[in-house]
Amino acid sequence: EGEAISDEVRTACLKGNPRLGAQNRIYRAKFSTVLQGEIRRALRTLGRVNENFVKAVQARSEHDLRVGAAFTRFQTLRLQKKFDGFQERGVVSYGPCQF
């Protein structure tokens, strides 16, 4: 998910200063914690945003959304038929992704 976050940050940076793209000056730092040593290591090993990883995250997100919507509808309709009074109470939501 970090690659998708870096893509969003890059987009915001380019919106604020389009010259960054023309100058090819946008890098990505990879770190898992905010400990001083980890941040320093990340700054010493800057890289570029991996477009393939960004597309993979976007595809997974789209898939999760579609599966969640389909399964939510399926289980809600099933439960409405099975339990009295369920129709008035709403929806049973399913989501395979983290929020």
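**Salt bridges, helix α1 and a nonpolar surface patch**

Arginine 66 and glutamate 62 are both located in helix α4, four residues apart, or about one turn of the helix. In this predicted model, their side chains form a salt bridge with an N to O distance of 2.6 Å. Arginine 66 is exposed, with a relative accessible area of 58%, whereas glutamate 62 is partly exposed at 37% relative accessibility.

A salt bridge is also found in helix α3, where the side chains of arginine 41 and glutamate 38 meet at 3.2 Å, N to O. Because arginine 41 and glutamate 38 are three residues apart in α3, about one helical turn separates them. Arginine 41 has a relative accessible area of 32% and is therefore partly exposed; glutamate 38, at 22% relative accessibility, likewise counts as partly exposed. The count of salt bridges comes to five.

Glutamate 3 forms a salt bridge with arginine 28, with the closest N and O atoms 2.9 Å apart. This pair links distant parts of the chain, 25 residues apart: glutamate 3 belongs to helix α1, and arginine 28 to the loop between α2 (19–22) and α3 (36–44). Both glutamate 3 and arginine 28 are buried. In addition, a network of salt bridges links Asp7, Arg10 and Glu51.

Helix α1 comprises the 15 residues 2–16, for which a rise of 1.5 Å a residue gives an expected span of 21 Å; the end C-alpha atoms of α1 are 21 Å apart, in agreement with that value. The buried residues of α1 are Glu3, Ala4, Ser6, Asp7 and Arg10. Since these residues cover an arc of only 155° around the axis, they are placed on the same side of α1. The buried residues of α1 pack against α4. On the other side of α1, the residues Ile5, Glu8, Ala12, Lys15 and Gly16 are exposed. Two of the buried residues of α1, Asp7 and Arg10, take part in the salt-bridge network with Glu51, while Glu3, also buried in α1, is the partner of arginine 28.

A nonpolar patch is present on the surface. Val67, Phe71, Phe74 and Tyr94 make up this patch, which has an area of about 340 Å². Tyrosine 94 lies in the segment that follows α4 (51–82). With a relative accessible area of 35%, tyrosine 94 is partly exposed.

Notes
Residues numbered from 1 in each chain as written. Predicted model: local features only at pLDDT ≥ 70, side-chain atom pairs only at ≥ 80, totals over all residues. Heavy atoms only, no water. Patch = residues over 30% accessible without salt bridge, like charges linked within 9 Å, V, L, I, M, F, W, Y side chains within 5 Å. Areas by Shrake-Rupley, 256 points an atom, 1.4 Å probe, with all protein chains shown as cover. Salt bridge = Lys/Arg side-chain N within 4 Å of Asp/Glu carboxyl O. Buried < 20%, exposed > 50% of the residue type's maximum accessible area, 1.4 Å probe, protein only. Expected span 1.5 Å × (residues − 1). Arc of directions from axis to C-beta. Contact = heavy atoms within 4.5 Å.
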